[in-house]
Amino acid sequence: MRSGQLAEAGGVHVETLRYYERRGLLESPPRRGSGYREYPAEAVQRLRLIKQAQALGFTLDEIAELLALNPHAAVACGDMEDRVRSKMAELDEKLDALAELRGSLERVLCECCDGRQAQEACPALSPQHDPAPARRR
């Protein structure tokens, strides 16, 4: 299949295919006599796997490592499990940080909406104002 067909089947732009080739995520296909790239049918599955891994939060570097695993080896499943657990831990950290940020925004909102008159100064705009809690380390 040609580049445009693969890109359409994978829901990406042709330039994305070329980028993935440069990154080593997709193999560069042989060219026909006409000069067109000819991708094997398996390239659609690989492209969909890349997109699925991205949707799960994996970076392209991490995806390259995942693609390098031998899916037929017994250790690959354990390796994959470790990587997924690590990604879940990263997500938990981000969720905690977002929850803290939301709490800070709620405090600012409460300070702005505590019944002050329109002509009074907004405490949230004060240079001394710090709605964020002390960060845990």
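# Five helices, one core and one patch

Student: In what order do the elements of the protein run from the N terminus on?

Tutor: This is a predicted model, in which local features need pLDDT of at least 70 and side-chain atom pairs count only at pLDDT 80 or more, while totals for chains, interfaces and linings use all residues. Residues are numbered from 1 along each chain as its sequence is written, and side-chain values use heavy atoms, with hydrogens and water left out. Helices (H or I, at least four residues) and strands (E, at least two) are DSSP runs, numbered from the N terminus. The protein has 5 helices and 0 strands, and the order is α-α-α-α-α.

Student: What percentage of the residues in the protein is buried?

Tutor: Buried means under 20% relative accessible area, exposed over 50%, and partly exposed in between (1.4 Å probe, protein chains only). The protein has 137 residues, and the buried share of them is 21%.

Student: Which helix gives the largest share of the largest nonpolar core?

Tutor: A nonpolar core is a set of buried Ala, Val, Leu, Ile, Met, Phe, Trp, Tyr and Cys residues joined through side-chain atoms within 4.5 Å. The largest one has 20 residues, and Leu47 and Ile50 are among those with the most contacts inside it. At least two residues of this core come from each of α1 (3-10), α2 (14-23), α3 (42-55) and α4 (60-68). The largest share, 5 residues, is from α3.

Student: Which residues does Ile50 touch, not counting those up to four places away in sequence?

Tutor: Contact means heavy atoms within 4.5 Å. With residues up to four places away left out, Ile50 touches Tyr20, Leu25, Leu26, Ile63 and Leu67.

Student: Why does Arg37 count as buried, and with which side chain does the side chain of Arg37 make a polar contact?

Tutor: Arg37 lies in the loop between α2 and α3. Arg37 is buried because its relative accessible area is 15%. A polar contact is a pair of N or O atoms within 3.5 Å; within protein, one must be able to donate a hydrogen and the other to accept it, and residues adjacent in sequence count only if both atoms are side-chain atoms. At 2.5 Å, the partner of the Arg37 side chain is the side chain of Glu21.

Student: Is Leu98 buried or exposed?

Tutor: Leu98 is found in helix α5 (residues 74-112). Its relative accessibility is 54%, so Leu98 counts as exposed.
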